[in-house]
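Subject: Structure handover

Hi,

Here is the structure for you to pick up. Please open it first, then read my notes below.

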Amino acid sequence: MTDATLPADNPLAQPSSLPYQLPDFAAIRTEHLRPAIDAGLAQQRAEWEAVASSTEAPTVANTLDALERSGQLLDRVETVFGTLVSSAGTDELRDIESEYAPVLAAHQDAFWLDERIYTRLEQVQAAGVQDDQTAWVLQRYLTDFVRAGILLDEDDKETLRTLNGQITALETEFAQQVVAGMEAAAVHVTEPELLAGLAEDAVSALAQAAADRGQDGHLVTFQLPTAQALVAQAGDRRLREQVFTASVTRGTGVDAASDTREVIVALAAKRAERARLLGYDHHAAYVAGGGTARTTEAINTMLGRLAAPAVRNARAEGAELAEALASEQPGAELAAWDWAYYADRVRQQRYAVDDAALRPYLELDQVIGDGVFYAAGRLYGLTFTEREDLAGYADGVRVWEVFEADGTGLGLFVGDYYAREGKRGGAWMHNLVDASDLLGHRAVVVNNLNITRPAAGQPTLLTWDEVITAFHEFGHALHGLFAAGRYPSFSGTNVPRDFVEYPSQVNEMWAWHPEVIASFARHHQTGEVLPAETLDRLRDSQSYGAGFATTEYLAAAMLDQAWHQLTPEQVPTDAAAVEAFEAQALAAVRLDYPLVPPRYRSTYFNHTFGGGYDAGYYSYIWSEVLDADTVEWFRQDAASDGDGGLNRAAGQRFREALLSRGHTRDPLASYRDLRGRDAVIDPLLKRRGLHS
Ligand SMILES: [Zn+2]
């Protein structure tokens with residue numbers, strides 16, 4: 001198959017000739033994207049058709065391998081496009097994204113509902129497959145075809161296509177309303193006395209936000225979760241109450257244009273209908289079946305077990321905060337909007353952790369080179385050479401070549417650490433090239449953070465949270481770089497959603513390792529190592545507030561499950577019932593502690609109703625069970641001479657059993673290979689102070 005429909009001067013027409021097929025960002029322009037996507041779609045459809053209509057007897061080579069080889073042009077353009085729209089987005093790129101979302105969804109349906117391909121894969125399996133990896137991948141394909149509806153009759157397939165389209169449209173509508181709701185919730189402050197207690201730069205940021213909207217005074221703008229950062233700093237109780245109330249009422253009809261309740265009940269109903277069509281009790285059962293959790297019962301049991309001790313801890317924290325409030329304002333009763341403010345003060349008093357004083361020890365280049373890369377060297381023998389000759393897609397993006405201990409090239413690591421106009425919030429990792437033996441590709445992976453760029457000539461000093469994030473994202477990067485499988489779509493981080501956070505969470509442990517800290521946490525001017533006493537206080541302070549954090553997370557995870565454990569008949573039909581449903585769902589699992597509302601209420605729960613983490617918000621703590629159990633393995637089983645597991649043998653074992661495997665076999669089998677048994681929950685309970 002050729003890229004005949006794409007002009008040869010389009011830089012996406014052929015695989016990049018740069019090392020490791022790094023996309024040639026310097027040559028790619030926005031006008032290259034649409035024609036490349038169109039050509040990529042047409043090419044992959046033709047490749048699928050060739051498999052589907054083949055008259056040869058089906059074999060691994062002419063069926064499974066052919067499918068895994070298909071779509072390389074589309075893949076090239078989608079990864080480049082996804083990178084640009086996420087990290088250097090423009091209105092034009094976002095328009096292309098909206099335009100193609102339904103086209104790409106229909107492209108997927110065209111594949112997964114093609115019975116000719118499914119039948120050929122069945123025949124390959126029936127003929128017998130020799131090696132374990134191919135057998136596993138083949139079985140995954142067949143299972144995914146069934147999950148996507150291949151066994152339905154034509155009428156039901158048509159119903160399914162319609163439902164898929166409606167669900168995608170509702171998710172997009174929800175996500176857009178949530179953004180509108182955040183904007184509508186902004187609190188306009190016209191009385192300056194309400195700003196008491198806020199730092200000067202915070203006040204000027206609020207004034208700037210007001211000016212940006214052409215308003216006078218000050219404007220408090222919103223972030224997605226229930227907790228708004230400003231509430232922790234606001235000394236005036238009235239402002240705390242105002243901001244908190246605006247936050248938790250988002251989407252409930254206080255602003256008609258961003259009322260999400262209609263969409264929620266419609267979406268819950270459509271998802272329940274689709275699950276029934278596919279033979280499941282409800283949407284949550286369908287999602288669980290695609291993950292390592294397997295069943296809704298397993299998820300309910302695990303979340304339920306954590307709920308009671310989490311709320312008990314939160315209540316104990318609340319009692320302490322109530323005292324702190326009463327000592328200042330006798331007779332005053334602690335309200336939900338007081339929580340963050342007093343928690344911050346208790347934390348500072350008790351642990352004397354001064355975030356600002358820490359930052360000079362956390363300079364970006366040192367954190368990456370002497371911390372993140374250093375740990376990877378000690379564990380895996382990796383070395384990193386910056387390739388200034390290779391260009392990223394934007395100013396400040398850096399490229400490193402990664403080498404094995406014996407000097408063999410492993411892949412490329414792209415670091416995009418700075419915030420910029422048009423870049424989405426948060427931190428994430430993605431692949432530009434998936435490692436695959438079939439295609440002869442090594443991995444090219446990207447880490448994104450959103451660190452504020454300092455003034456020219458100034459060093460980039462991080463917060464401790466940003467240091468942890470850098471180690472976390474690099475854990476995903478290692479999962480991508482070490483991928484050693486045959487098939488690209490089962491490579492590296494292409495694992496189930498409730499497994500993918502596990503290796504990245506594990507990698508966070510190295511930020512705390514004494515030898516690693518001594519290497520990277522040095523004062524950027526004096527070179528002095530972070531004092532041990534400061535480090536101890538920092539470590540101790542991390543356990544503070546676990547009751548709150550676990551409770552607000554579990555409440556959201558349970559809400560997500562509750563909405564999706566409904567049959568079509570059980571979904572409320574009246575949009576006005578959304579809040580009552582939510583209250584009842586939280587009460588049923590005893591997570592209805594009014595001082596700690598869910599991390600996201602239904603009406604702005606973008607993970608679940610915007611799509612992506614629907615019935616899947618449990619994944620974070622599900623992965624953390626494996627993470628905490630593995631941290632113990634490093635510290636106990638794999639440690640040697642008190643090194644806490646920071647050695648080549650431990651790294652090699654983790655790489656071999658786990659990181660290199662991706663989805664080339666059952667991820668839980670990889671886990672058992674590493675640990676010699678299934679994961680146990682005790683280390684997680686200990687870490688979060690949840691032992692009953
Ligand atoms: Zn992650």
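How are the donor residues of the zinc ion spaced in sequence? The pattern is H-x3-H-x24-E. Keep in mind that this is a predicted model.

**Zinc site**

Three protein residues donate to the zinc ion: His 472 through NE2, His 476 through NE2 and Glu 501 through OE. They lie 2.1 Å from the zinc ion. His 476 sits in helix H17, residues 464-481, and Glu 501 in helix H18, residues 501-507, so this pair ties together parts that are 25 residues apart in sequence.

Are these two donors buried or exposed? His 476 is buried, at 7% relative accessible area. Glu 501 is buried as well, with a value of 12%. The cut-off for buried is under 20%.

Look at the surroundings of His 476 next. Leaving out neighbours within four places in sequence, His 476 is in contact with Met 429, Thr 493, Val 500, Glu 501 and Ser 504. So one zinc donor, Glu 501, is in contact with another, His 476, where contact means heavy atoms within 4.5 Å.

**Tyr 620**

Tyr 620 is worth a look alongside the site. This residue belongs to helix H24, residues 619-637. Tyr 620 is partly exposed, with a relative accessible area of 26%. Which residues does Tyr 620 touch, not counting those up to four places away in sequence? They are Glu 501, Gln 505, Tyr 553, His 607 and Tyr 613. Glu 501 in that list is also a donor of the zinc ion. For a distance to check in your viewer, take Tyr 620 and Asp 338. They are 282 residues apart in sequence and 27 Å apart in space, C-alpha to C-alpha.

**Overall fold**

The protein has 27 helices and seven strands. Its radius of gyration is 26 Å, close to the 26 Å that the globule rule gives for 692 residues, so the protein is as compact as a globular protein of that length. Along the principal axes, the C-alpha atoms fill a box of roughly 85 × 60 × 55 Å.

Buried residues make up 54% of the 692. Of the contacts with a separation of 6 or more, 75% join residues 24 or more positions apart. The exposed area is about 29000 Å², and carbon and sulfur atoms supply 50% of it.

**Nonpolar cores**

The largest nonpolar core holds 136 residues. Leu 362, Trp 464 and Phe 520 have the most contacts inside it. Helix H13, residues 296-328, gives this core its largest share, eleven residues.

What does Leu 362 contact, apart from neighbours within four places in sequence? The list is Val 367, Thr 460, Leu 461, Leu 462, Thr 463, Trp 464, Val 467, Phe 520 and Ala 521. Apart from the largest core lies another, of 33 residues. Among its members are Ala 36, Ala 39, Leu 390 and Ala 394.

**Helix H1**

Helix H1 covers residues 33-52, which is 20 residues. From first C-alpha to last, H1 reaches 28 Å, close to the 28 Å expected at 1.5 Å a residue. Its buried residues include Leu 33, Ala 36, Ile 37, Ala 39, Leu 41, Trp 48 and Val 51. Polar residues are on the buried list too, including Gln 43, Gln 44 and Glu 47. The cover over the buried residues of H1 includes helix H2 (60-69), helix H3 (72-87), helix H4 (91-112) and helix H5 (115-127).

Take Gln 44, which is in H1. This residue counts as buried at 11% relative accessibility. Setting aside neighbours within four places in sequence, Gln 44 is in contact with Ser 70, Gly 71, Leu 74 and His 107.

**Backbone points to check**

Most residues other than glycine have a negative phi. Two residues here have a positive value.

- Gln 21 has phi near 60 degrees. Gln 21 lies in the segment before H1 and is partly exposed, at 29% relative accessible area.
- Ala 615 has phi near 55 degrees. Ala 615 is in the loop between helix H23 (606-609) and H24 and is buried, at 1%.

Best wishes

How values were computed. Residues numbered from 1 in each chain as written. Predicted model: local features only at pLDDT ≥ 70, side-chain atom pairs only at ≥ 80, totals over all residues. Heavy atoms only, no water. Donors = N, O, S within 2.8 Å, 3.2 Å for Na, K, Ca; no water. Helix = DSSP H or I, 4+ residues; strand = E, 2+ residues; numbered from the N terminus. Buried < 20%, exposed > 50% of the residue type's maximum accessible area, 1.4 Å probe, protein only. Expected span 1.5 Å × (residues − 1). Rg over C-alpha atoms; globule rule 2.2 N^0.38 Å. Areas by Shrake-Rupley, 256 points an atom, 1.4 Å probe, with all protein chains shown as cover. Core = buried A, V, L, I, M, F, W, Y, C linked by side-chain atoms within 4.5 Å.
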